[in-house]
Amino acid sequence: MTKPPRKPSQPLLRDADAPLRSQPRRRRDPAQSQLLLDPMPARIDPCLALLKQRPPKGRQWAFEVKWDGYRLAVHIESKGVRILTRGGRDWTDRFPAIAAQAKRLSVSTAILDGEAVVFDELGRSDFGKLQQSLGGRGGNRTSWESVCMVFDLLYLDGHDLTRTEFTARRHLLEGLVPAGGEEAIRLSEEIEADGETLLRIACEHGLEGIIAKDRNSTYRSGRLGDWLKIKCVQSDDFVIVGYEKSTSSFGSIGRLLLAARKDDELVYVGGVGTGFNERSASELRKQLDKLVIGKPAVNTGRKRKAVYVRPELVAEIEYRAWTHDGRLRHPSYKGLRDAADETTVCEIG
């Protein structure tokens, strides 16, 4: 004899008479009427690389060259192309060659994550040349020679890829921007080597360093450790708090006086007197002369022929190590950081 089906312990609906309702729909952006899935975000805060002394080990890590330039997000939309800096500034007009190449890519909508660079005669990215091409710090030139080295794909034809693992994002990116291109948008290629070997080769060729990325990671904004940077020479950003005069140096700048952050305060970390050329020193002196103040913003000790300035300019400084008393060892000036970088001044413990 067939048994009747057992009655469920609870009704399928808590209130059998209540009408069925679906979840409320998000309003669709009329400018993206063809997208059936994820709306295209206006901006995504970038994933940032965490500084490490040595490369990580393990098959989960993918390695690339570290590029020295301006971080960019290239937004390809139905209404055109937008190029945003790390801080969210619209610099589309500053990079016309990159914008033109983005329009030629075989895609309807996308967000590319990359770095704008200018190469030197040996094919290395040169931050100083990039700044010169843009008219120097605070300049407003357009840079036709800049190339965008893209290394991630965050959005593609209606799909938000930030929740997708890195390996899948790279696979899609390589289909969109093939390796070996010579256009204004090029692929930052993954290099098949262990981290220690690649770092050694990068340093031998005068490159800034390498980047390691967790193949299994999603795209998370901020400096959370999914991406790591390992540099051949250490470098950080420091506040300029003054300079020492010299009649024999470019721009009459003998040494820049530098400060870092410690417990939300600025502290003196020494000076830098190398790395300048005639042009960079002259431009820097013009900027400093606008910021002169009577008393130092930090305690620099007794300095002869020192001129103190408001702590507003941020310089990128290369150095070998720290001394026992908290000073930079063998520092060298690389250039001023632009406000578009949204730079973070070096913090010390």
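K213 lies over the face of W227, with 3.9 Å to the ring centre. I start there since the aromatic rings are my first topic. One caution before going on: this is a predicted model, and every value I quote is computed from it.

W227 itself is buried, because its relative accessibility is 4%, under the 20% limit. Its ring partner is Y219. The two ring centres are 5.8 Å apart and the planes meet at 85 degrees; that angle is over 60, so the pair is edge-to-face. Y219 is buried as well, at a relative accessible area of 7%. To summarise this site, W227 has K213 over its face and Y219 as an edge-to-face partner.

How many aromatic pairs are there by this rule? The count is ten. One of them is W91 with F95, a tilted pair, at 6.2 Å centre to centre and 40 degrees between the planes. For anyone wondering about the choice of two numbers, a pair of aromatic rings is described by the distance of the centres and the angle of the planes. W91 and F95 are both buried. Ring pairs also tie these two into a cluster with Y70 and F127. W91 has a charged neighbour too: R94 lies over its face, 4.4 Å from the ring centre.

Next, the chain as a whole. It has 349 residues, of which 46% are buried. The secondary structure consists of five helices and 19 strands. The exposed area is about 19700 Å², and carbon and sulfur atoms supply 47% of that. On contacts, take those between residues at least 6 apart in sequence: 67% of them join residues at least 24 apart.

Now strand 5, residues 110-117. How many of its residues are buried? Eight of its eight residues are, so to describe the strand as mostly covered is fair. The side chains split by direction. A110, L112, G114 and A116 point one way, while I111, D113, E115 and V117 point the other way, and all are buried. The second group includes D113 and E115.

Strand 5 has strand partners on record here. Strand 3, residues 70-77, is joined to strand 5 by seven bridges, and the two run antiparallel. Within that pairing, L72 stands opposite G114. Strand 6, residues 147-156, is also antiparallel to strand 5, with eight bridges between them. There, I111 has Y155 as its bridge partner.

Two polar residues next. S133 is in helix 2, which covers residues 127-133. Is S133 buried or exposed? S133 is buried, because its relative accessible area of 7% falls under 20%. A polar atom of the S133 side chain lies 2.6 Å from the backbone oxygen of L130. Leaving out residues up to four places away in sequence, S133 touches V118, R141, T142, S143, E145 and S146.

E190 sits in the loop between strand 8 (185-187) and helix 4 (195-204). At 24% relative accessibility, E190 lies between the 20% and 50% limits, so it counts as partly exposed. Which side chain makes a polar contact of 2.8 Å with that of E190? The partner is R215. With residues up to four places away in sequence not counted, E190 touches A62, F63, E64, R170 and R215. For R170, which is 20 residues from E190 along the chain, the C-alpha separation is 9.2 Å.

Last, some backbone angles. Most residues other than glycine have a negative phi, and most peptide bonds are trans. D264 has a positive phi, near 65 degrees, and is not a glycine. D264 lies in the loop between strand 12 (253-262) and strand 13 (265-272). With 77% relative accessibility, over the 50% limit, D264 therefore counts as exposed.

H330 is another non-glycine residue with a positive phi, near 55 degrees. Where is H330 placed? H330 is in the loop between strand 18 (328-329) and strand 19 (332-336). H330 is exposed, because its relative accessible area is 60%.

That is what I have on the rings, the strands and the loops.

Notes: Residues are numbered from 1 along each chain as its sequence is written. This is a predicted model: local features need pLDDT of at least 70, side-chain atom pairs count only at pLDDT 80 or more; totals for chains, interfaces and linings use all residues. Side-chain values use heavy atoms; hydrogens and water are left out. Rings of Phe, Tyr and Trp (its six-membered ring) pair if their centres lie within 6.5 Å; planes under 30 degrees apart count as stacked, over 60 as edge-to-face and the rest as tilted. Buried means under 20% relative accessible area, exposed over 50%, partly exposed in between (1.4 Å probe, protein chains only). A charge sits over a ring if NZ of Lys or CZ of Arg is within 6 Å of the ring centre and within 35 degrees of the ring normal. Helices (H or I, at least four residues) and strands (E, at least two) are DSSP runs, numbered from the N terminus. A polar contact is a pair of N or O atoms within 3.5 Å; within protein, one must be able to donate a hydrogen and the other to accept it, and residues adjacent in sequence count only if both atoms are side-chain atoms. Contact means heavy atoms within 4.5 Å. Accessible areas come from the Shrake-Rupley method with a 1.4 Å probe; for residues, only the protein chains shown count as cover. Two strands pair if DSSP finds at least two bridges between them.
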